[in-house]
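Trainee: I am new to this one. Can we go through it step by step?

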Amino acid sequence: MNRRIILGIAVAVGLLTHCAAAQEPSFFRIGTGSTAGTYYPMGGLIANAISNPPGSRPCENGGPCGLPGLVATALASNGSVDNIEAIAAGRIDAGFTQSDVAYWAQTGTGLWEGRPAVEKLRLIANLYPESIHLVARADAGIETVADLRGKKVSLDEPGSGTLVDARIILEAYGLSEADISAEFLKPDQAADRMRDGAMDAFFFVGGYPAGAIAELASQHDVKLIPIDGEAADKLREKYRFFSADSFPAGTYNGQTAAVPTISVGAQLVTSADQPEQLIHDITKTIYSETTQKLFAAGHAKGNQITLDNATKGAGIPLHPGAEKFYKEVGKLQ
């Protein structure tokens, strides 16, 4: 009898231990960007999609449909460069980045020349195009990039992909930081300065419509400056990660016609050290029917996060888990 009781207690304890272990959450940190940009809300959508905290209702009963036990969080950051540095240091598990910055970091070239290459940087997915915004006060006398000479211009924060591309664009149009009164502010801070008349123009790279720019355009007369012509053509020839793009008419308040620009790819990247099965399951969840509906309803760029775009313009190696998933669904050989 005593033996049976002891055995029963042992089984019960074992079951309780198993249940407790099954409910132990795991955490996945995603670096995004400024809260006024596109990375932050899109990161929030992805974090919600892949999360399924312990004790949640089943997906079929209206609960989360992510990975059982996973708690993903979207963290605000300074953007592409900041996120890659944080991945390399193990401070975050994945992050958003521009395709150009990811390529330079992984290969130790361009922006990363003279710094240790982030050789373990791996691609989970190419998400959507990021358009290069050049926003100017309507009364600042700016019609082209060349007109920025002598103006107060924000190039975005150090550590951001926008700053990298702004410098490339200035150079393409025959300008340098010495030719402008350069400041280094987040887009929402630059927009605030523009409202006060203390900023003539600012750069921002991100999916449209960007929250800070949409809010600014609804309150003040601003305009998008085209990035086109021979200089833009030469940029695309020199830097293959740039693509021709445009803002459709009506993207922002007061914008009555399409405005040409260039774009880079927004990518979700991680470290090769992340477990293959985890990244496989995260990638699979991102492209599930439920998540695709969530993206389409949650943001204007959401309907561009598709399997057809997932491996385009990769630039860096795929994480083995993501690669396995893309092969399973026939997107890779």
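Trainee: Which residues form one aromatic cluster?

Mentor: Keep in mind that this is a predicted model. A search of the whole structure finds 11 aromatic pairs. One cluster is made of Trp104, Tyr239, Phe241 and Phe242.

Trainee: Why is the pair of Tyr239 and Phe241 called tilted?

Mentor: A ring pair is described by the distance of the centres and the angle of the planes. Here the ring centres of Tyr239 and Phe241 are 5.5 Å apart. Planes under 30 degrees apart would count as stacked, and over 60 as edge-to-face. The planes of Tyr239 and Phe241 stand at 35°, so the pair is tilted.

Trainee: Are Tyr239 and Phe242 buried or exposed, and what kind of aromatic pair do they form?

Mentor: Tyr239 is buried, and so is Phe242. Their centres are 6.0 Å apart, with 85° between the planes. That makes the pair edge-to-face.

Trainee: Which charged residue sits over the ring of Tyr208?

Mentor: Look for a charged end over the ring. It lies 3.9 Å from the ring centre of Tyr208. The residue is Lys301.

Trainee: Now the strands. What is the handedness of the β-α-β unit made by strand 1, helix 2 and strand 2?

Mentor: Strand 1 (residues 26-31) and strand 2 (residues 70-75) run parallel, joined by six bridges. Arg29 has Thr73 in strand 2 as its bridge partner. Helix 2 (residues 39-50) completes the unit with these strands, and the unit is right-handed.

Trainee: What separates Arg195 and Asp192 along helix 6?

Mentor: Their side chains meet in a salt bridge, at 2.5 Å from N to O. Arg195 is partly exposed at 22% relative accessibility. Asp192 is partly exposed too, at 41%. The two are three residues apart in helix 6 (residues 187-195), so they are separated by about one helical turn.

Trainee: Which residue does Glu230 meet in a salt bridge?

Mentor: Glu230 is exposed, with a relative accessible area of 55%. Its partner is four residues away in helix 8 (residues 229-238), about one helical turn. The N to O distance is 3.1 Å, and the partner is Lys234.

Trainee: How many residues apart in sequence are the parts tied together by Lys331 and Asp308?

Mentor: The side chains of Lys331 and Asp308 meet in a salt bridge of 2.7 Å, N to O. Lys331 lies in the segment after helix 12 (320-328), and Asp308 lies in helix 11 (residues 307-310). So the pair ties together parts that are apart in sequence by 23 residues.

Notes: Residues numbered from 1 in each chain as written. Predicted model: local features only at pLDDT ≥ 70, side-chain atom pairs only at ≥ 80, totals over all residues. Heavy atoms only, no water. Phe/Tyr/Trp six-rings, centres within 6.5 Å; stacked < 30°, edge-to-face > 60°. Buried < 20%, exposed > 50% of the residue type's maximum accessible area, 1.4 Å probe, protein only. Lys NZ or Arg CZ within 6 Å of the ring centre and 35° of its normal. Pairing = 2+ DSSP bridges. Right-handed = clockwise from strand over helix to strand, strands pointing away. Salt bridge = Lys/Arg side-chain N within 4 Å of Asp/Glu carboxyl O.
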